[in-house]
Amino acid sequence: MQLYRFLSADDTSEFCHKVTAALNKGWALHGGPTYAFDHANGVMRCGQAVMKEVDGTYTPDLKLGEQ
């Protein structure tokens with residue numbers, strides 16, 4: 001089955017660490033990163049889609065971050 005996650009965080013090293021951790025767990029980048037200004041908090045936000053192929057059958061209670 002193919003899994004999809006969208007990672008997001010403020011534009012800090014936290015975001016880079018989150019994406020790096022996913023890559024080291026076997027996730028692959030899907031498309032380019034996205035950026036948007038969060039007017040409510042006055043910060044830039046980053047996002048990156050990642051995908052991973054795993055065995056099994058999808059169920060909505062699957063913990064994607066643990067894969």
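Leaving aside its neighbours within four places in sequence, Met1 touches a run of residues from Lys52 through Glu53, Val54, Asp55, Gly56 and Thr57 to Tyr58, and is also in contact with Leu62. The model in which these contacts appear is a predicted one. Met1 itself belongs to the segment that comes before strand E1, which covers residues 2–10. Its separation from Tyr35 gives another point of reference, since the C-alpha atoms of Met1 and Tyr35, 34 residues apart along the chain, are separated by 29 Å.

From this starting point the reader can turn to the sheet, which is open and has three strands in the order E1-E3-E2, with antiparallel pairing. Because E1 and strand E2 (28–38) stand at the edges and each has a single partner strand, one side of each is left without a neighbour in the sheet. From one strand to the next, the twist averages 15°. Strand E3, made of residues 43–53, runs antiparallel to E2 and is joined to E2 by eight bridges; within this part of the sheet, Asp38 has Val43 in E3 as its bridge partner. Across E1, E2 and E3 lies helix H1, residues 13–24, which runs at about 160° to E1.

One of the residues that Met1 contacts, Lys52, is found in strand E3 and deserves a closer look. Lys52 is buried yet has no salt bridge, and the nearest side chain of opposite charge, that of Asp55, is 11 Å away. The cut-off for a salt bridge is a distance within 4 Å between a side-chain nitrogen of Lys or Arg and a carboxyl oxygen of Asp or Glu. The side chain of Lys52 does, however, reach the backbone oxygen of Gln67 at 3.1 Å. Beyond its neighbours within four places in sequence, Lys52 is in contact with Met1, Gln2 and Leu3, with Lys25, Gly26 and Trp27, and with Gln67.

Side chains of opposite charge can pair when their charged atoms come close. The structure holds one salt bridge, formed by Arg45 and Asp10, whose closest N and O atoms are 2.9 Å apart. This pair links distant parts of the chain, with Arg45 in strand E3 and Asp10 in strand E1, 35 residues apart. As for the surroundings of the two partners, Arg45 counts as partly exposed because its relative accessibility is 31%, and Asp10, with a relative accessible area of 29%, is likewise partly exposed.

Definitions and conventions
Residues numbered from 1 in each chain as written. Predicted model: local features only at pLDDT ≥ 70, side-chain atom pairs only at ≥ 80, totals over all residues. Heavy atoms only, no water. Helix = DSSP H or I, 4+ residues; strand = E, 2+ residues; numbered from the N terminus. Contact = heavy atoms within 4.5 Å. Pairing = 2+ DSSP bridges. Axes fitted to C-alpha atoms, helices over the stretch in contact; angles between N-to-C directions. Buried < 20%, exposed > 50% of the residue type's maximum accessible area, 1.4 Å probe, protein only. Lys, Arg positive; Asp, Glu negative; His and termini not counted. Polar contact = N/O pair within 3.5 Å; in protein donor to acceptor, adjacent residues only side chain to side chain.
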